[in-house]
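Student: Could you take me through a close look at one part of this model, the cysteines and what surrounds them in the chain, and then carry the account on to the other side-chain pairings? I would like one connected answer rather than a list.

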Amino acid sequence: MRIAITSVLLTALFIGVSAPIAGQKDEPRVTNRPKLAGVLKLNLRERKETAPGSNQHKAVERSVEWEVGKTAIIVCDMWDDHYCKSAAQRVGVMAPRMNAVLTAARDHGVAIIHAPSGTVDMYAGSPYRLRMLQAAKSTPRSRSANGAISTPQREPPLPVDVSKCSCDDPVVGPAVRRFSKQHPALDISGYDGISDSGEEIYNFCVEQGITNVVLMGVHTNMCVLGRPFGIRQMVRLGKNVVLARDLTDAMYDPRQPPFVSHTRGTEMVIEHIEKHWCPSILGDDLTRVVPGSAGP
């Protein structure tokens, strides 16, 4: 009798140990995009010093070709609302144009990564979120022995002052969170990914062989430059980086230095990036491939 009871207890213990823990079941692997043929021809604009040490720059243009299979677009913080109503209005105008570019690029085989910071929990469990979470972990080669990423000083202060106010509303309301998800005019589709984690996005890029990164979205002088997946970090990580200059917008109030229009303030930030970080392109460059490069 004692042997039978012991046997039952051991069996129960074995079943208990072997049973999966609720909520920790392995998620099925999400399919990633196929690697397709096709070459994008990008017309880069950057700013070079006219003479060493002169601090005088001129716009220089050149062309490069990027394979679609090695290219990703990161859509930065295109939220559904913003405390600054002027900024939200400009995003609303930009979003349909951006969506047309993303659709064309996606159809050619470019990876699309949506990065609406602070809202990714809205997409938990979706294949777009799992795709980023399931990427194998990678360690950037530029990390030092203590794990930090080297950050050499390479830029002066930004050309627009937002220290007192960055919103150009006539009457600026409280700077409270008014967004909950990505702007609804931007489709999340196909093999897209969703993440606001620099580590996840880096892991995904390494796993998928992505060496070329396009940044678009808002705001140029803040998140587009400074997020852990933004221009500064992607350049430091050794990626080929460009900014889509017609698909971005700065936070700047013309009542602050240098007292220029909002449009000119955004242009000045773009020029700063072209001088110190990476070239810019027009979004239209992402909508077509070199004829004959996509296969027979």
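Tutor: What follows begins with the cysteines and moves outward from there. The model is a predicted one, and the description should be read with that in mind.

The structure holds one disulfide, and its partners are Cys84 and Cys167, whose sulfur atoms lie 2.2 Å apart. A disulfide is a covalent bond between the sulfur atoms of two cysteines. The link of Cys84 and Cys167 is right-handed, with 85° about the S-S bond. Cys84 sits in the loop between β3 and α2, whereas Cys167 sits in the loop between α3 and β5, so the bond ties together parts of the chain that are 83 residues apart in sequence. Cys84 counts as buried because its relative accessibility is 0%, under the 20% limit, and Cys167 is likewise buried, at 0%.

Two further cysteines deserve attention, since they could be mistaken for a second bonded pair. Cys76 is in no disulfide, and the nearest cysteine sulfur to its own, that of Cys223, is 5.1 Å away. Seen from the other side, the sulfur of Cys223 has its closest cysteine sulfur in Cys76, and at 5.1 Å this is too far for a bond, because a disulfide requires the sulfur atoms to be within 2.5 Å. Cys76 is buried, with a relative accessibility of 0%, and Cys223 also counts as buried, at 16%.

The loops that carry the disulfide are joined by an aromatic pair as well. There is one aromatic pair in the count, and it is formed by Trp79 and Phe179, which are stacked, with 3.7 Å from centre to centre and 0° between the planes. This pair links distant parts of the chain, Trp79 being in the loop between β3 (71-76) and α2 (85-108) and Phe179 in the loop between α3 (127-133) and β5 (193-194), 100 residues apart. Trp79 is buried at 11% relative accessibility, and Phe179 is buried at 16%. The loop between β3 and α2 and the loop between α3 and β5 are thus connected by the disulfide of Cys84 and Cys167 and by the stacked rings of Trp79 and Phe179.

Charged side chains come next. The structure holds 19 salt bridges, among them one in which the side chains of Asp81 and Lys85 meet at 3.0 Å, N to O. Asp81 counts as partly exposed, at 24% relative accessibility, and Lys85 is also partly exposed, with a relative accessible area of 42%. Another salt bridge brings together the side chains of Glu199 and Lys137, at 4.0 Å, N to O. It links distant parts of the chain, with Glu199 in helix α4 (residues 198-207) and Lys137 in the loop between α3 and β5, 62 residues apart. Glu199 is partly exposed, with a relative accessible area of 48%, whereas Lys137 counts as exposed, at 71%, because this value is over the 50% limit.

Salt bridges that share partners also join Arg45, Arg47, Arg264, Glu267, Glu271 and Glu274 into one network. Within it, the side chains of Glu274 and Arg45 meet at 2.8 Å, N to O, and this pair links helix α7, where Glu274 lies, to strand β1 (residues 39-49), where Arg45 lies, across 229 residues of sequence. Both Glu274 and Arg45 are buried.

Helix α7 (residues 262-276) also contains His276, which leads back to the loop between α3 and β5. His276 is buried, with a relative accessible area of 17%, and, leaving aside residues up to four places away in sequence, its contacts are Arg154, Glu155 and Pro156. Arg154 lies in the loop between α3 and β5 and counts as partly exposed, at 37% relative accessibility. With the same sequence neighbours left out, Arg154 touches Val235, His276 and Trp277. Arg154 and Trp277 are 8.0 Å apart in space, C-alpha to C-alpha, although 123 residues separate them in sequence.

Taken together, the loop between α3 and β5 recurs through this account: Cys167 of the disulfide lies there, as do Phe179 of the aromatic pair, Lys137 of the salt bridge with Glu199, and Arg154, which touches His276.

Notes:
Residues numbered from 1 in each chain as written. Predicted model: local features only at pLDDT ≥ 70, side-chain atom pairs only at ≥ 80, totals over all residues. Heavy atoms only, no water. Helix = DSSP H or I, 4+ residues; strand = E, 2+ residues; numbered from the N terminus. Buried < 20%, exposed > 50% of the residue type's maximum accessible area, 1.4 Å probe, protein only. Contact = heavy atoms within 4.5 Å. Phe/Tyr/Trp six-rings, centres within 6.5 Å; stacked < 30°, edge-to-face > 60°.
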